[in-house]
Amino acid sequence: MIPYWRLSGYYFFYFAFIGAFSPYFSLYLQSVGRSAGQIAVLMSLMSVMRMLAPTMWGWLADRVGVRTPVVRLSAALSVAGFGGFLVSDAYGAQFVSMAFLAFFWSAALPLVETLTFSHLAGRAGSYGNIRVWGSVGFIVAVLGLGYLLDDLPIRAVLWIALATLGGILLCALTIPEAQRPPTHEEHVPLRTVLRRPEVRALLAACFFMSAAHGALYVFYSVHLVEHGYSKSVVGWMWTLGVVAEILVFMGMPRLVKAYSLRGILVFSFAVAVLRFVLIGWGAESLAVLLFAQILHGATFGSYHAAAVAVVNDWFGVRHQAQGQAFYGSISFGAGGMIGGLISGYTWEWIGPAWTYTAGSVFALAGLIVLVAGWRVRSSVA
């Protein structure tokens with residue numbers, strides 16, 4: 001039996017936290033006097049820790065053969081870390097709190113991804129039906145908080161985010177461990193998998209895709225507010241992107257039957273090149289912004305679903321947790337950190353439009369690396 005609702009509940013609260021945190025926490029930091037550079041540094045700590053924690057915990061989980069204890073520990077310590085924001089608004093204290101939160105919060109998702117695929121037992125096409133509840137959680141948080149912040153002080157972000165972390169902890173306590181499927185595959189050392197050119201190309205391309213999203217996740221809400229849009233409109237714009245993402249997740253079983261995973265990824269990268277140019281230069285037009293947000297269905301939805309499926313296949317049963325950890329660390333970790341930090345310094349130097357153009361350049365670099373390094377001869381192409 002697949003623990004559908006327990007896994008779905010975890011994804012719901014995990015991404016509800018992102019929905020409360022990513023769009024609005026930069027506005028909170030701005031309200032307590034942080035500069036654009038300081039905001040970029042603090043927000044990028046989430047990416048820095050995603051470079052370190054998932055790989056370390058993924059290695060441990062693969063060695064000891066259990067994943068749920070790590071997921072539960074990370075949830076409990078994430079709550080403790082975030083509590084520091086309620087104590088002090090000083091930059092140093094916020095830096096320590098963010099680092100502690102990010103280290104433990106980022107440890108869990110790759111392990112939950114491997115748990116989900118283990119429970120699905122080969123029915124990888126059904127992943128989107130579980131993962132979609134994460135998108136629903138994001139919508140509930142980003143849209144609801146957007147309306148609340150039109151009437152409540154921006155500090156309310158802290159309490160809503162803390163509540164979602166509490167939900168993550170409750171769900172983590174209910175997720176059952178999954179039996180690792182028996183395997184008769186020949187043992188292949190992890191370093192041998194990582195030497196394959198298509199594996200390197202995919203991981204490098206994912207780095208560039210996350211770097212391309214750096215300005216979006218750090219400054220998109222600030223970008224809209226500075227162009228005169230209300231916080232409720234900000235919430236609706238984030239919601240639109242995630243609705244597009246949900247539709248793609250729900251349609252992935254049909255997409256993977258009609259198109260190769262490689263083809264889906266190539267299309268996603270090409271769409272990202274267009275999307276960030278539109279956000280940067282078309283912010284005066286609501287219609288342009290609406291269209292750009294719909295494209296999130298490709299630049300995250302189809303991209304992420306295809307990427308985790310490929311990683312799950314290429315790394316095999318023996319290295320699944322480490323494979324997902326490498327994917328998360330290199331893409332959301334290193335790529336997100338570089339994209340976020342660069343956007344923090346270019347935002348005030350060359351302006352938002354050129355900052356988002358740099359995001360398009362990152363996406364183009366990822367597209368070139370993917371096409372050149374992953375040839376169609378691969379078994380999952």
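Hi everyone. Before we look around, one term: a cavity is a set of grid points where a 1.4 Å probe fits but cannot get out, and its lining residues have an atom within 4 Å of a point. Please keep in mind that this is a predicted model.

So, how many cavities of 30 Å³ or more does a search of the whole structure find? The answer is 4. Let's start with the largest cavity, which holds about 740 Å³ of space. Its lining is made up of 43 residues. If you want to find its centre on your screen, look for Ile18, Ser22, Arg50, Tyr217 and Phe332, the lining residues that lie nearest to it.

Which helix gives the most to that lining? That would be α16, residues 320-349, with 7 residues. As for chemical character, 22 of the lining residues are nonpolar, 17 are polar and 4 are charged.

Now on to the second largest cavity, with about 60 Å³ of space. Four helices each supply at least two residues of its lining: α10 (197-212), α11 (214-226), α16 and α17 (352-373). You may remember α16 from the largest cavity, where it gives the most to the lining. Here the largest share belongs to α17, with 5 residues. If you'd like to pick out the lining on the model, try Ala211, Gly214, Ile342, Tyr356 and Phe362, which are among the residues there. By class, this lining has 7 nonpolar and 5 polar residues, and no charged ones.

Let's move away from the cavities and visit a single residue, Leu169. You'll find Leu169 in helix α8, which covers residues 156-172. Is Leu169 buried, exposed or partly exposed? Its relative accessibility is 23%, and because buried means under 20% and exposed over 50%, Leu169 counts as partly exposed. Leaving aside residues up to four places away in sequence, Leu169 touches Arg72, Ala75 and Ala76. For a sense of scale, take Gly336, which is 167 residues from Leu169 along the chain: the C-alpha atoms of the two are separated by 25 Å.

Last stop, the cysteines. A disulfide is a covalent bond between the sulfur atoms of two cysteines. How many disulfides does a search of the whole structure find? It finds 0. Two cysteines to look at are Cys171 and Cys206. Cys171 has a relative accessible area of 13%, so it is buried. Cys206 is buried too, with a relative accessible area of 0%.

That's the tour. Thanks for listening, everyone!

Technical notes
Residues numbered from 1 in each chain as written. Predicted model: local features only at pLDDT ≥ 70, side-chain atom pairs only at ≥ 80, totals over all residues. Heavy atoms only, no water. Buried < 20%, exposed > 50% of the residue type's maximum accessible area, 1.4 Å probe, protein only. Contact = heavy atoms within 4.5 Å. Disulfide = S-S within 2.5 Å. 1 Å grid on protein atoms, 1.4 Å probe; cavity = no way out; pocket = protein on both sides within 12 Å on 5 of 7 lines; lining within 4 Å. Points joined across faces, edges and corners; volume = space filled by probe spheres on them. Nonpolar A, V, L, I, M, F, W, Y, C, P; charged D, E, K, R; others polar.
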